[in-house]
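Student: I've got a fold to look through and I'd like to reason my way around it. Can you take my questions one by one?

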Amino acid sequence: MRKVESFKIATYPAVIIVFLLFAGMLFVYFTNALPALHRYGLDLYLKNVWRAAEEPSEEVYGIAAAIWGSVYTSLIAILIALPLSVAYSVFVVDYAPKRLKNAFIILSDVMAGLPTIIYGIWGAFFLVPFLRDWIMKPLYDHLSFIPLFSYPPVGGYSYLSAGVLLAIMVTPFASAIIREAYNMVPFTYREAIYSLGATRYEATKLLLGYIKPAIVSGTILAFGRAVGETVAVSLVIGNTFNLTTALFAPGYTVSSLIANQFGNAFIYEYMTSTLFAAGLILFVIGLAVNVVGLKMLKRWERNVSI
């Protein structure tokens with residue numbers, strides 16, 4: 001018991017350090033964002049305007065379009081990546097031949113470890129033209145009366161391109177969690193399900209319900225990875241202050257805005273603090289996503305315990 005208590009006490013410094021690091025980062029962002037928050041108030045997050053000027057009185061900033069772009073592209077990515085991750089995990093565990101199973105796992109892990117600039121360059125030179133010519137133009141030509149497809153895909157750099165690229169990037173992260181959880185389901189559970197006469201599809205459906213916490217965790221990880229991606233997104237999204245639901249329109253994300261503007265922000269009086277305020281909103285978005293995920297997990301645990 002004494003060893004257990006000693007080990008427990010020894011872990012306290014690590015917890016304190018992690019908490020202090022998080023609190024310190026939040027403090028730095030908040031203090032540096034205060035000038036912009038004091039000058040623009042909530043309009044900084046609610047308006048779509050970016051007017052840099054050497055005269056401080058003429059500077060006007062509003063990052064609503066960037067916030068919308070971060071959330072919108074991440075939602076597109078999750079809608080694509082989640083079914084891909086689940087299907088990939090089930091295939092690797094249940095259906096892939098033994099000789100190919102390890103190859104698929106290694107391929108997924110390698111994709112997760114690739115530098116994001118590789119995805120960005122590939123997306124700019126291959127994915128964007130492919131989506132523009134084979135997906136966007138046909139949809140615009142035949143379904144432009146639908147608001148989602150109403151923007152003409154001139155260059156192809158758009159919310160859709162960014163969302164698809166992010167989906168490709170985050171799928172390995174989500175599938176790794178889901179795959180391991182699905183693979184660790186006790187074999188006796190599988191035997192019990194099949195002994196009741198369940199088909200393979202019914203068994204898979206029940207087993208996926210059993211690992212719902214892992215699916216939620218994979219989704220949260222994928223969303224957090226997508227909403228904070230910078231380099232790859234900035235190469236394919238178009239970097240334009242558009243506030244629209246049209247998939248083919250170019251846009252901006254908070255991360256790409258910071259990356260593109262931070263280099264010359266020191267020239268202007270309020271741009272640096274505005275970018276810190278933009279980073280601060282990413283903290284809020286990430287916190288909100290994790291809180292929602294925790295509530296979903298607790299609700300699932302209550303239902304299972306009943």
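Student: Where does UniProt place the feature "transmembrane region"?
Tutor: Keep in mind that we're looking at a predicted model. The record here is an unreviewed entry, and the feature comes from that record. UniProt puts it at residues 12–30, 60–91, 103–131, 157–178, 231–250 and 270–292.

Student: Take residues 12–30: how far apart are the end C-alpha atoms?
Tutor: That span is 100% helix and 0% strand in the model. From end to end, its C-alpha atoms lie 27 Å apart.

Student: And what about residues 270–292, how much of the chain there is helix?
Tutor: The end C-alpha atoms of this span are 33 Å apart. Strand makes up 0% of residues 270–292, while helix makes up 96%.

Student: Which residues does UniProt list for "domain: ABC transmembrane type-1"?
Tutor: This again comes from an unreviewed entry. In the model, the listed span is 75% helix and 0% strand, and its end C-alpha atoms lie 20 Å apart. The record gives residues 67–293.

Student: Zooming out, how many helices and strands are there in the protein chain?
Tutor: Reading from the N terminus, the elements go α-α-β-β-α-α-α-α-α-α-α-α-α-α. The C-alpha atoms fill a box of roughly 75 × 65 × 35 Å along the principal axes. The tally for the chain is twelve helices and two strands.

Student: Now packing: how do helix 3 and helix 6 sit, oblique or roughly parallel?
Tutor: Helix 6 covers residues 159–183, and its axis is 5 Å from that of helix 3, at an angle of about 40°. Roughly parallel would need an angle under 35 degrees. Helix 3 and helix 6 are therefore oblique.

Student: What kinds of residues make up the contact of helix 3 with helix 6?
Tutor: The crossing of these two helices is right-handed. Their contact residues split into 21 nonpolar, eight polar and two charged.

Student: How about helix 3 with helix 8, oblique or roughly perpendicular?
Tutor: Helix 3 spans residues 64–95, and its axis comes within 12 Å of that of helix 8, crossing at roughly 120°. The roughly perpendicular range is 65 to 115 degrees. That crossing is right-handed. So helix 3 and helix 8 are oblique to each other.

Student: Then helix 7 and helix 8, oblique or roughly antiparallel?
Tutor: Helix 7 (residues 187–195) and helix 8 (residues 200–210) have axes 10 Å apart and an angle of about 140°. Helix 7 passes helix 8 in a right-handed crossing. Roughly antiparallel takes an angle over 145 degrees. The pair is therefore oblique.

Student: On to the largest pocket: which residues are closest to its centre?
Tutor: The volume of the largest pocket is about 350 Å³. There are 19 residues lining it, and the closest to the centre are Gly-224, Val-227, Gly-228, Ser-255 and Leu-282.

Student: Which helices each supply at least two residues of that lining?
Tutor: By type, the lining has twelve nonpolar residues, six polar and one charged. The helices that each give at least two lining residues are helix 9 (212–227), helix 11 (254–261) and helix 12 (271–305).

Methods:
Residues numbered from 1 in each chain as written. Predicted model: local features only at pLDDT ≥ 70, side-chain atom pairs only at ≥ 80, totals over all residues. Heavy atoms only, no water. 1 Å grid on protein atoms, 1.4 Å probe; cavity = no way out; pocket = protein on both sides within 12 Å on 5 of 7 lines; lining within 4 Å. Points joined across faces, edges and corners; volume = space filled by probe spheres on them. Helix = DSSP H or I, 4+ residues; strand = E, 2+ residues; numbered from the N terminus. Nonpolar A, V, L, I, M, F, W, Y, C, P; charged D, E, K, R; others polar. UniProt positions renumbered as here; feature names shortened; annotations may be inferred. Axes fitted to C-alpha atoms, helices over the stretch in contact; angles between N-to-C directions. Left-handed = near helix turned anticlockwise from the far one by under 90°.
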